Amino acid sequence: MQPPLLTNKTALITGATTGLGYATAEALARLGATVVLVSRDPHRGEEARRALAESTGSPRLEVLQADLASLDSIRRLSARFLDRHPHLDMLINNAGTLEPRRRLSTDGIEMMLAVNLVAPFVLSTLLLDRLRLSAPARIVNLSSQSQAHASLDLDDLQFERRQYSMWPAYGQSKLGLTLFTNELARRVDGSGLTANSLHPGVMASNLGRRSGVVGMVWAVASRFMSSPRAAARYVTYLASSPRVAETNGAYFDQARRIRPNPIAEDPVAGAELWEVLEKLARVPAAALVRTSVGVS
Ligand SMILES: NC(=O)c1ccc[n+]([C@@H]2O[C@H](COP(=O)([O-])OP(=O)(O)OC[C@H]3O[C@@H](n4cnc5c(N)ncnc54)[C@H](OP(=O)(O)O)[C@@H]3O)[C@@H](O)[C@H]2O)c1
């Protein structure tokens, strides 16, 4: 089925200079959307914008710089977006990172937790009013099938008391993202805004291009992976298809809706995670969401 034209719709995509974010920006720009590309490096952002303008012919592409491992930077990103754009129809929290060794963000938060979970939490809540005013609007969060077998330790999200290991920490950040998405979906239900999460498939992107063993394994495995462009179809579907216009709080494996890890569907865990994220993010996001949608 042909996707709908998205003229007069605005999308904000994080991690839009490479991989899936770039491919999704291209797909949405081809459909006529105004696409705001979030890039941590302004030069690479501008290069991506130029390349996308050439490949899609779209004049409606813009770059905003932000380091999603910095709470201040996310706040400035949100303020600049709100200043320039009266509407936000699609927020795509795509940026993600895979960290072989434990390191901390500028705010002292374990890096995968900061970029893969805290950043989508903060950006979504800061932009929530604009999304709600633009309703029907959608949030799409890029999760991963690695959430399926992950565990979530709300008392030690940052691996301070446990031995850090890349895949368990990555899986936890994605399980947390899926759980946060479902909690947000509950809080905005009925407002015309939806929030869903997606495993896009395993793609040959920059995600695993690291030095050492991780990089070597990734390079070999990449030959058997699909392309970010193929995976971008699933993001575009969830962000724009009329077939999923009413779908809220769901997890998709590519185009198929499936049940995620049971923890991701636990409302008690969702409320607890929300509180932990509020503390880490130092924003009164619960209050913001409650005021926005009238949840008491
Ligand atoms: N590749 C897979 O097989 C796979 C499978 C399941 C889920 N996913 C998820 O899909 C999403 C896209 O991944 P991808 O495969 O396209 O990976 P990618 O090529 O590595 O792209 C990740 C993007 O995130 C950006 N990013 C990372 N840290 C950032 C920060 N601190 N501030 C701002 N931007 C930051 C990167 O920017 P820079 O270019 O500046 O580094 C890059 O543009 C991720 O959430 C990933 O976890 C991927």
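Colleague: How many cavities of 30 Å³ or more does the count come to?
Modeller: The structure is a predicted model, and the search was run on the protein atoms alone. With the limit set at 30 Å³ or more, the number of cavities is 2.

Colleague: Which helix gives the largest share of the lining of the largest cavity?
Modeller: The largest cavity has a volume of about 40 Å³. Its lining consists of T14, L68, N93, N94, A95, V115, A119, P120 and L123. The largest share of these, 4 residues, comes from the run 111–126, which is helix 4.

Colleague: By class, how many charged residues does the lining of the largest cavity have?
Modeller: Nonpolar residues account for 6 of the lining of the largest cavity, and polar residues for 3. The number of charged residues there is none.

Colleague: What lines the second largest cavity, and which helix supplies the largest share of that lining?
Modeller: The second largest cavity holds about 30 Å³ of space, and its lining includes L68, A69, S70, L71, D107 and A119. Two elements give two or more residues to this lining, helix 3 (71–84) and helix 4. With 3 residues, the largest share comes from helix 4.

Colleague: How many charged residues does the lining of the second largest cavity have?
Modeller: That lining has 8 nonpolar and 2 polar residues. D107 is one of the lining residues, and Asp counts as charged. The number of charged residues in the lining is 1.

Colleague: Where does the ligand sit?
Modeller: The test asks whether more than half of the ligand atoms lie within 2 Å of the grid points of a cavity or pocket. By that test the ligand sits in the largest pocket.

Colleague: How many residues surround the ligand, and which helices each supply at least two of them?
Modeller: The shell is made up of 29 residues, with R40, R44, N94, Y170 and S205 the closest. By class, 13 are nonpolar, 12 polar and 4 charged. Those supplying at least two shell residues each are helix 1 (19–30) and helix 6 (166–188).

Colleague: Which residue has a polar side-chain atom 2.5 Å from an oxygen atom of the ligand?
Modeller: For T17, the distance from a polar side-chain atom to a ligand oxygen is 3.4 Å. The D67 side chain has an N or O atom 3.0 Å from a nitrogen atom of the ligand. The residue with a polar side-chain atom 2.5 Å from a ligand oxygen is S205.

Colleague: What percentage of the ligand's exposed area does the protein bury?
Modeller: Taken alone, the ligand exposes 890 Å². The share of that area buried by the protein is 93%.

Key: Residues are numbered from 1 along each chain as its sequence is written. This is a predicted model: local features need pLDDT of at least 70, side-chain atom pairs count only at pLDDT 80 or more; totals for chains, interfaces and linings use all residues. Side-chain values use heavy atoms; hydrogens and water are left out. A residue is near a molecule or strand if one of its heavy atoms lies within 4 Å of it. A polar contact is a pair of N or O atoms within 3.5 Å; within protein, one must be able to donate a hydrogen and the other to accept it, and residues adjacent in sequence count only if both atoms are side-chain atoms. Accessible areas come from the Shrake-Rupley method with a 1.4 Å probe; for residues, only the protein chains shown count as cover. On a 1 Å grid over the protein atoms alone, a cavity is a set of points where a 1.4 Å probe fits but cannot get out, and a pocket is an open set with protein on both sides within 12 Å along at least five of seven lines; lining residues have an atom within 4 Å of a point. Grid points are joined across faces, edges and corners, and a volume is the space filled by probe spheres set on the points.
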